[in-house]
Amino acid sequence: MTIRERIFSFFYGNGLVSLLRILTGAVFIASGGSKIADPSSFADSIALYGIVPQMLIPYVAIVLPWVELFSGLLLAAGLRIRAAALLSFAMMCLFTAFIGWNVALGKSFECGCVAGLDAGPFSRIGWPLLGRNAVLLALTVLVFRAKRHPFSLDYLLEKRGLRK
């Protein structure tokens, strides 16, 4: 297989893209699940960002983790992949913008990204966290752009003729 064919295969969709899709889904599952388990702690984290109006924080703390969990489950299972990748991309854009805004203001606090599981340089608002988010953004774009996802429910449904 030539280099051009390998590059085309990668962007068309292969096992590696499926693995990256599943791993990206797992990140969103862990993130959403940890926030669902402790919504009051997540609400405190949201307040630190200083972007969401105080009266909306409880609602965001309840709804957003479920959206993260839902998109992560869809990505991991490989169901409605493009929609799940687009939703994940939109969330990551917002998260990255909020983190970037606070970095620009010189703030440093626990990000609340994966409640209870954040560790090392990715646990606090800063450039390493922005770098991690850039990687997740790139992964969601790659998953969205791939034409085919072997090892997914979408692929299985297409193969069986249950979806066009």
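I began with L16 and found its place in helix α2, which covers residues 15–37. The model I am reading is a predicted one.

I then looked up how open L16 is. The residue is partly exposed, because its relative accessible area is 43% and partly exposed covers the range between 20% and 50%. I also noted that L16 belongs to a nonpolar patch on the surface, together with L19 and L23. The three have about 270 Å² of accessible area together.

Next I turned to S31, which also has its place in helix α2. Is S31 buried or exposed? I found a relative accessible area of 5% for S31, so I entered this residue as buried, the cut-off being under 20%. Its side chain makes a polar contact of 3.1 Å with the side chain of K35. Leaving out residues up to four places away in sequence, I listed E68, C113 and V114 as the residues that S31 touches.

After that I looked at the interior. The largest nonpolar core has 15 residues. I wrote down F42, I46, A61, L64, M91, M92 and F95 as the ones that touch the most other members. Which helices each supply at least two residues of this core? I found α2, α3 (39–49), α4 (57–77), α5 (81–104) and α6 (127–145). Helix α6 gives the most, with four residues.

I checked F95 by itself. Not counting residues up to four places away in sequence, F95 touches L64, E68 and N133.

My last entry is on another core, which lies apart from the largest one and has 10 residues. Among them are F109, C111, I125 and L129.

Conventions:
Residues numbered from 1 in each chain as written. Predicted model: local features only at pLDDT ≥ 70, side-chain atom pairs only at ≥ 80, totals over all residues. Heavy atoms only, no water. Patch = residues over 30% accessible without salt bridge, like charges linked within 9 Å, V, L, I, M, F, W, Y side chains within 5 Å. Areas by Shrake-Rupley, 256 points an atom, 1.4 Å probe, with all protein chains shown as cover. Salt bridge = Lys/Arg side-chain N within 4 Å of Asp/Glu carboxyl O. Buried < 20%, exposed > 50% of the residue type's maximum accessible area, 1.4 Å probe, protein only. Polar contact = N/O pair within 3.5 Å; in protein donor to acceptor, adjacent residues only side chain to side chain. Contact = heavy atoms within 4.5 Å. Core = buried A, V, L, I, M, F, W, Y, C linked by side-chain atoms within 4.5 Å.
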